[in-house]
Amino acid sequence: MKPVGGKSERTRSAVRAAAAACFADSGFQAATTAEIARRAGVSEGTVFVHYASKLGLLTAVTVDFYDAIQQRGATVVAESEATPTERLRRLVHDWCEVMTREWPLVQVFIHTAQAFPGTELATVVIESNRQYTRLYAAVIDEMKAAGEMDPALPTALVRDMIFGTLEHSARGQMYAGRTVHTAGVGRQIVDLVIGTGKASDNRLATIESKIDRLLELQDR
């Protein structure tokens with residue numbers, strides 16, 4: 001959450017925190033401003049004094065979320081004493097921790113943005129995801145420049161392998177009624193992409209096969 005200042009910002013912060021909890025628990029449609037107000041300790045009217053609509057409130061919560069992970073990610077990328085591979089591992093580890101704590105809320109952001117295209121929320125989700133994943137792309141490029149990864153391996157492919165595998169794993173765990181915990185998968189996917197050798201078609205097919213096997217094990 002953003003730093004709080006005067007009473008008005010403290011109220012807004014409390015409302016956003018309550019809204020985040022309600023959206024994570026109930027989803028966007030089922031969450032009510034009355035329940036958000038109750039959890040925040042304010043009247044429902046006060047919620048609308050600060051936020052014009054429930055969608056606007058979700059947008060503010062989304063901005064808070066992405067600001068926090070972007071700041072943390074930028075800090076990791078700037079760690080000059082760590083190797084590029086170490087920084088990628090830290091980025092992945094941190095994202096896995098976020099998934100464990102807040103995956104239901106992340107799903108609300110994404111699904112609601114898809115349901116309301118062209119809105120401020122949709123723009124925030126799209127642009128924030130692009131900005132956040134650029135951190136990974138930058139570190140992957142550094143890994144290739146440092147000889148820690150085959151330079152012929154497409155940066156976008158590596159990035160998408162990481163996020164796609166983690167997202168698939170998280171969804172499978174959630175649908176199975178289990179707590180989302182992707183840290184182990186995160187470590188293994190990084191091991192796979194840094195151990196690729198030459199980026200031949202056969203080698204990439206082998207990586208994909210190993211990822212499929214990894215996900216099969218997670219789904220059990």
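These questions and answers cover a predicted model of one protein chain.

Local features need pLDDT of at least 70, side-chain atom pairs count only at pLDDT 80 or more, and totals for chains, interfaces and linings use all residues. Residues are numbered from 1 along each chain as its sequence is written, and side-chain values use heavy atoms, without hydrogens and water.

Q: What average pLDDT does the protein chain have?
A: pLDDT is the predictor's confidence in each residue, from 0 to 100. At least 70 is reached by 86% of the residues. The chain average is 89.

Q: Over which residues does pLDDT stay under 50?
A: Where pLDDT is low, the predicted coordinates should not be read in detail. The stretch has eight contacts (heavy atoms within 4.5 Å) beyond four places in sequence. It is residues 197-201.

Q: How many helices does the protein chain have?
A: Helices (H or I, at least four residues) and strands (E, at least two) are DSSP runs, numbered from the N terminus. Strands number zero. The helix count is nine.

Q: At what angle do helix α5 and helix α7 pack?
A: Axes are lines fitted to C-alpha atoms, for helices over the stretch in contact, and angles run from 0 to 180 degrees between N-to-C directions. Helix α5 spans residues 84-115 and helix α7 residues 155-175. Their axes lie 11 Å apart. The angle is about 40 degrees.

Q: What relative accessible area does C96 have?
A: Buried means under 20% relative accessible area, exposed over 50%, partly exposed in between (1.4 Å probe, protein chains only). C96 is buried. Its value is 1%.
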